[in-house]
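Trainee: Before I use the descriptive terms for this protein, I would like to hear how each one is justified.
Mentor: Then let us take the terms in turn and set each value against its criterion.

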Amino acid sequence: MLKVLSYLICGLFLISCSNISFLCQKNSSENSSKNNYRPAMGVDFTPPELTVQDEAPRIRTEETVDILDGKVFVEDREERNHNANKINPRKIKLGLILGPGLSRSVGHISVLRSIERSGTRIDFVSGTEMGAIIGAMYASGMTPEMIEWNFYKYFREKSNAKVFSPKWIEEIDEHFLKKFQNVRVEKLKKYFYVPLYSKKLKKVVFFNKGNLRNLLILNLKTRTQSPGLEYTNASEFEVFNSGFMRSAGAEVVVGIDALGDKVSLKDSNEFLYGVYQRFIGNIKKDKKSVDLYFPLPLENSHLDSDEDAGANLQNASDYAQKIILEIDKKRELKAKAQENVSQNCENGCV
């Protein structure tokens with residue numbers, strides 16, 4: 001009996017030692033396997049050790065402060081809202097009205113060229129007399145250089161016909177307007193408006209539809225010489241009307257005055273002198289309605305002569321730098337005002 005009991009105790013002891021040995025060998029084998037790991041196909045599927053930098057990013061709110069690489073990051077609510085409401089001044093829509101001036105009107109070409117080169121976009125264009133013709137050519141897609149070339153040819157080939165006479169209008173039509181005989185105002189590349197005085201309505205109306213050539217010819221006829229016409233030149237009644245441009249969408253309206261305060265004629269002409277004195281009176285009245293008014297320094301040249309055309313182009317080009325700076329300032333102020341309105345509306349607008 002004692003022998004049997006002794007054999008049982010010895011057997012249990014040996015089994016226990018065998019299990020301990022197996023477990024030790026298994027652990028040793030697993031450790032060895034980890035130390036001698038070789039990825040299959042060159043790809044290591046073991047996950048890397050997780051470090052602080054690898055932790056999943058937390059969602060940042062205004063109240064969250066994260067420390068990344070020793071720097072403290074705090075999201076600024078005010079700065080974020082400011083950037084969201086910030087308006088690009090160059091996106092402020094610009095309207096340009098080109099006033100009358102006969103031969104002095106070539107100054108408008110230099111202004112358009114300088115504005116284009118500055119990268120400033122003109123969204124709406126209008127004008128009266130020769131300013132309307134230059135504006136129409138520009139709105140049709142012609143470059144200032146192309147417009148200047150058209151005037152060069154006209155000055156070289158024109159006769160001595162009296163301004164506003166049928167012969168004068170015929171020559172203007174031949175050199176500038178015939179190219180628009182099948183063109184409609186609403187098909188131009190830029191928004192363009194032709195202002196004409198309505199005999200029936202007794203006020204100036206603005207055409208943004210219709211045959212461009214026909215409207216521009218009416219723009220060259222005065223009430224005095226064509227009393228039977230329903231529509232005639234608008235400058236006898238008003239030159240710079242910013243109201244219609246604002247209603248069309250212009251946020252900054254600019255008036256360019258090529259006529260100035262002085263009527264200077266090479267050939268004595270009482271009728272012409274009286275017409276342009278009325279134009280000057282209307283400009284003085286209307287200039288307060290536009291956001292920016294610029295009188296080009298051309299008043300020492302003759303209205304009815306092209307002798308000073310080169311000087312007028314250069315003088316207007318020099319002055320145009322001031323125009324561009326003032327337009328930029330005005331658009332920045334307008335953009336800032338719109339930003340403030342947008343920020344105030346975050347608290348509720350009526």
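**Terms and their grounds**

Mentor: In this predicted model, Ser103 touches Phe155, His302, Leu303, Asp304, Ser305, Asp306 and Asn312, not counting residues up to four places away in sequence. Ser103 is found in the loop between β3 (94-98) and α3.

Trainee: Why is Ser103 called buried?

Mentor: The relative accessible area of Ser103 is 10%, and buried means under 20%; therefore Ser103 counts as buried.

Trainee: What makes Leu102 notable in its phi, and why does Leu102 count as buried?

Mentor: Leu102 lies in the loop between β3 and α3. Its phi is near 50°, a positive value in a residue other than glycine. The relative accessibility of Leu102 is 6%; because the cut-off is under 20%, Leu102 is classed as buried.

Trainee: How do you know that Phe164 counts as buried?

Mentor: Phe164 has 4% relative accessibility, and the limit is under 20%, so Phe164 is buried. Phe164 is placed in the loop between α5 (144-157) and α6 and has a positive phi of about 75° although it is not a glycine.

Trainee: Which residues does Tyr276 contact, leaving aside its neighbours within four places in sequence?

Mentor: Tyr276 is in contact with Leu102, Glu129, Phe164, Leu259, Val263 and Leu303. The largest nonpolar core has 79 residues, of which Phe151 and Tyr276 touch the most other members.

Trainee: What makes helix α3 mostly covered?

Mentor: Helix α3 spans residues 107-117, and 9 of its 11 residues are buried. The buried residues are Gly107, His108, Ile109, Ser110, Val111, Leu112, Arg113, Ser114 and Ile115. Just after α3, Gly119 takes a positive phi of about 85°.

Trainee: Why is α4 called roughly parallel to α6?

Mentor: The axes of helix α4 (residues 130-139) and helix α6 (residues 166-177) come within 12 Å and cross at roughly 15°. Angles under 35 degrees count as roughly parallel, so α4 is roughly parallel to α6. Met130, Ile133 and Met137 of α4 make the contact with Ile172, Phe176 and Leu177 of α6. The crossing of these two helices, α4 and α6, is right-handed.

Trainee: At what angle do α3 and α4 pack, and how far apart are their axes?

Mentor: The angle between α3 and α4 is about 35°, and their axes are 10 Å apart. On the α3 side the contact is made by His108, Ile109, Leu112 and Glu116, and on the α4 side by Gly131, Ile134 and Tyr138. The crossing of α3 and α4 is right-handed.

Trainee: How do you know that Ile327 is buried?

Mentor: The relative accessible area of Ile327 is 1%. Because buried means under 20%, Ile327 is buried. Ile327 belongs to helix α10 (residues 309-345) and, leaving aside its neighbours within four places in sequence, is in contact with Leu94, Ile115, Thr120, Val254 and Leu292. The C-alpha atoms of Ile327 and Asp291 are separated by 9.4 Å, and the two residues are 36 residues apart along the chain.

Trainee: What are the totals for the protein chain as a whole?

Mentor: The secondary structure comes to 10 helices and 9 strands, and 40% of the 350 residues count as buried. Of the contacts between residues at least 6 apart in sequence, 75% join residues at least 24 apart.

Key. Residues numbered from 1 in each chain as written. Predicted model: local features only at pLDDT ≥ 70, side-chain atom pairs only at ≥ 80, totals over all residues. Heavy atoms only, no water. Helix = DSSP H or I, 4+ residues; strand = E, 2+ residues; numbered from the N terminus. Buried < 20%, exposed > 50% of the residue type's maximum accessible area, 1.4 Å probe, protein only. Contact = heavy atoms within 4.5 Å. Core = buried A, V, L, I, M, F, W, Y, C linked by side-chain atoms within 4.5 Å. Axes fitted to C-alpha atoms, helices over the stretch in contact; angles between N-to-C directions. Parallel < 35°, antiparallel > 145°, perpendicular 65-115°, else oblique. Left-handed = near helix turned anticlockwise from the far one by under 90°.
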